[in-house]
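Thanks for coming. I have one structure to go through today, and I will put it on the screen now.

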Amino acid sequence: MYILDSKNKVEVPIWEKQNLTIKEAAAYSGIGEHTLRSLVKQKGCTFALCVGSKHMIKRKLFDKYIEKARYL
């Protein structure tokens, strides 16, 4: 289900998005934005997608990472 916001832009629910912004990923996971930025900068991070200087989180891979992680 897609919702139009006050500016008639389509709002897609977070759980239906493939990629999340750092802010969305923080709201989705409860992990702070600072911690997420540190994680995506680590070498070998599999759930990060860099679009120019913007970092996006691949939601499905992020979910798998969180399931396996013991400590963040």
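Start with β4 and β5, residues 54–58, which pair in the antiparallel sense over four bridges. This is a predicted model, so please keep that in mind throughout. Two residues sit between β4 and β5, and the two strands form a hairpin. In the turn, Gly52 has a positive phi of about 65 degrees. As for which residues face each other, Val51 has Lys54 of β5 as its bridge partner. Further along, Leu49 stands opposite Met56 in β5.

The hairpin belongs to an open sheet of three strands, in the order β3-β5-β4, with antiparallel pairing. The edge strands are β3, residues 19–21, and β4, residues 48–51, and each of them pairs on one side only. On average, neighbouring strands in this sheet are turned by 40 degrees against each other, direction ignored. As a reminder, strands of a sheet pair through backbone hydrogen bonds, either parallel or antiparallel.

What packs on the sheet? Helix α1, residues 22–29, does, and it touches β3 and β5. The direction of α1 makes about 100 degrees with that of β3.

Let me step back to the whole chain for a moment. There are three helices and five strands. Read from the N terminus, the elements run β-β-β-α-α-β-β-α. The C-alpha atoms fill a box of roughly 40 × 25 × 20 Å, taken along the principal axes. The chain has 72 residues, and 22% of them count as buried. About 5,600 Å² is exposed, and carbon and sulfur atoms supply 54% of that. If you take the contacts between residues at least 6 apart in sequence, 43% join residues at least 24 apart.

Next is helix α2, residues 33–41. Which of its residues are buried? They are Leu36, Leu39 and Val40. These three lie on the same side of α2, because they cover an arc of only 95 degrees around the axis. The general background is that an α-helix has 3.6 residues a turn, so residues three or four places apart point the same way. On the other side of α2, His34 and Lys41 are exposed. The cover over the buried residues of α2 includes α1, β4, β5 and α3, the last being residues 59–68.

Now the aromatics. How many aromatic pairs does the structure hold? There are two. In one of them, the rings of Phe47 and Phe62 have their centres 5.1 Å apart and their planes at 50 degrees, so the pair is tilted. Phe47 lies in the loop between α2 and β4, while Phe62 is in helix α3, so this pair ties together parts that are 15 residues apart in sequence. Are these two rings' residues buried or exposed? Phe47 is buried, with a relative accessible area of 1%, and Phe62 is buried as well, at 0% relative accessibility.

The other pair is Phe47 with Tyr65. Here the ring centres are 4.9 Å apart and the planes are at 50 degrees, so this pair is tilted too. Phe47 in the loop between α2 and β4 and Tyr65 in helix α3 are 18 residues apart, and the pair links distant parts of the chain. Tyr65 is partly exposed, with a relative accessible area of 28%. Taken together, ring pairs link Phe47, Phe62 and Tyr65 into a cluster.

One more residue in helix α3 deserves a look, and that is Arg59. Arg59 counts as buried because its relative accessibility is 10%, and the cut-off for buried is under 20%. What does Arg59 touch? Leaving out residues up to four places away in sequence, Arg59 touches Ile14, Trp15, Glu16, Lys17, Gln18, Leu20 and Tyr28.

To close, here are the points to take away. The three-stranded sheet runs β3-β5-β4, and helix α1 packs on it. Leu36, Leu39 and Val40 are the buried residues of α2. Phe47, Phe62 and Tyr65 form a cluster through ring pairs, and Arg59 in helix α3 is buried at 10% relative accessibility. I can take questions now.

Key:
Residues are numbered from 1 along each chain as its sequence is written. This is a predicted model: local features need pLDDT of at least 70, side-chain atom pairs count only at pLDDT 80 or more; totals for chains, interfaces and linings use all residues. Side-chain values use heavy atoms; hydrogens and water are left out. Two strands pair if DSSP finds at least two bridges between them. Axes are lines fitted to C-alpha atoms, for helices over the stretch in contact, and angles run from 0 to 180 degrees between N-to-C directions. Contact means heavy atoms within 4.5 Å. Buried means under 20% relative accessible area, exposed over 50%, partly exposed in between (1.4 Å probe, protein chains only). The arc is that of the directions from the helix axis to the C-beta atoms. Rings of Phe, Tyr and Trp (its six-membered ring) pair if their centres lie within 6.5 Å; planes under 30 degrees apart count as stacked, over 60 as edge-to-face and the rest as tilted. Accessible areas come from the Shrake-Rupley method with a 1.4 Å probe; for residues, only the protein chains shown count as cover.
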